[in-house]
Protein chains: 2
Amino acid sequence: MSLMSLEQLHKKAIESIKGEKGVITINIGGIPKTSKSNSIIGNCVQEWIPQWLEDNGLKLEPNTHTQSFPDFTADIGGKKYDMEVKCWNYNNSPAFDISNFDGFYREIYINPAKLYAKYLIFAYKPTTHGFIIENIYLKNLWEITGKSVKYPIGLQVKQGRPFAIRPVPFHKFPEKAFEDVKGFICAIAETRKEFPLDGAIDAELWLKTVSRIILE
Amino acid sequence: MSLMSLEQLHKKAIESIKGEKGVITINIGGIPKTSKSNSIIGNCVQEWIPQWLEDNGLKLEPNTHTQSFPDFTADIGGKKYDMEVKCWNYNNSPAFDISNFDGFYREIYINPAKLYAKYLIFAYKPTTHGFIIENIYLKNLWEITGKSVKYPIGLQVKQGRPFAIRPVPFHKFPEKAFEDVKGFICAIAETRKEFPLDGAIDAELWLKTVSRIILE
């Protein structure tokens, strides 16, 4: 049966991958060894997922602008979705980069539909000989982001400049996330006001334009 | 036949691994995928080598002080060696960290015998589906280090402080390396003079002490 929606794909991932063991093997000249280090698991899971998605009928086209948001355009059952694939070590709080703030701000103004990009997120736990897939989430942007202690949205700030938008611990405290897309875009506009940028669209105009389009 | 020296082990590595293909496989829930990214090859080779060395009769004891130099004490045929295992992408110049400068300076003063630590170095080249082991080197410290354009020894400098000692491209230009251990320790002392450090042993005293012991 071919999958017709991302929700079906998510359900299938839960059924067939959740709780499963992962192993990383390095084979040189026919001599295989199992990796016991945690440092490469994230990169490996991040590489495995898109291949598995394609096995399951999802056509993925990588975004040609690597700096741009989101990573992929996914084609499933003839429908196209903006999509990101993420993973993180479940023993820690999720700290993956959602997007560079300035790039995201620019991109959403041009194409507000990208606010509805879907996040397929794999949580893994390292074990003695590999890892286990703890859970799999299919989320909207505003379901994984929220206000932080210091800023209107979880934000990595480097040398006084906004850098990456970061998730809240949505897996344990979903109530820390924004309530809806409206709360999310207001936080983005607030953040722009706190961190003005020469040449960027005015935050009020940005919010008005993006709101009008998404509420249509 | 059990190996009796590091030179024999190096010869065996050349015979059995040089030119061989490497593949990294990520298996989740019984579904294997081959890694095509270059970013994890270095980490994987670095993990595979010590396991292969142990298969071949080398007992490796990791240095308990992780900041300390070198990584391992190797026991082969009843003899003990200070040993480091390194790898790098042969398409680039080797840029692995040899040691933190300040830690190395301190450690060598206490234990000058560590100047004779052996470096087993694997060079790999990424391919479409994995990598190939291009060459394997067994080297002394002074055979992989040399004067750089700016400093008496190849050195990574961060915010005006010496950070990591770095190799010269010994694989292509062995003449860029120091001639002997004496040239190497003089360069270390010169570097200390250029970067004085409160509480560190005086460079002249360091050189005199280390020279006397290694020339005995």
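**Exercise 1.** Work out which elements of chain B the buried residues of H3(B) pack against, keeping in mind that this is a predicted model.

*Solution.* Start with the partners: the buried residues of H3(B) pack against the strands E6 (99-100), E9 (155-158) and E10 (161-165) of chain B, and also against helices H4 (141-144), H5 (181-194) and H6 (203-215). Next, pick out the residues involved: Phe101(B), Asp102(B), Gly103(B), Phe104(B), Tyr105(B), Glu107(B) and Ile108(B) are the buried ones. That makes 7 of the 10 residues in helix H3 (residues 101-110), so the helix is largely enclosed by the rest of the structure. Finally, look at the N-terminal end of H3(B), which is capped by Asn100(B): a side-chain oxygen sits 3.1 Å from the backbone nitrogen of Asp102(B).

**Exercise 2.** Hop over to chain A and decide whether Ala164(A) is buried or exposed.

*Solution.* First find Ala164(A): you'll see it in strand E10 (residues 161-165) of chain A. Buried means under 20% relative accessible area. Ala164(A) comes out at 3%, so it counts as buried. Now check its surroundings: leaving out residues up to four places away in sequence, Ala164(A) touches Asp97(A), Ser99(A), Asn100(A), Gly154(A), Leu155(A) and Gln156(A). Take Ser99(A): it is 65 residues from Ala164(A) along the chain, yet their C-alpha atoms are 5.5 Å apart.

**Exercise 3.** Figure out how the two copies are related.

*Solution.* Lay chain B on chain A: a turn of 180° with a shift of 0.0 Å along the axis does it, at an RMSD of 0.0 Å. The copies are therefore related as by a two-fold rotation axis. In chain B, the C-alpha nearest that axis belongs to Thr25(B), at 2.6 Å. As for the contact, both copies use the same surface, with 100% of the contact residues of chain B recurring in chain A.

Notes
Residues numbered from 1 in each chain as written. Chains lettered and ligands numbered in written order. Predicted model: local features only at pLDDT ≥ 70, side-chain atom pairs only at ≥ 80, totals over all residues. Heavy atoms only, no water. Buried < 20%, exposed > 50% of the residue type's maximum accessible area, 1.4 Å probe, protein only. Helix = DSSP H or I, 4+ residues; strand = E, 2+ residues; numbered from the N terminus. Contact = heavy atoms within 4.5 Å. Polar contact = N/O pair within 3.5 Å; in protein donor to acceptor, adjacent residues only side chain to side chain. Least-squares fit on C-alpha atoms with pLDDT ≥ 70 in both.
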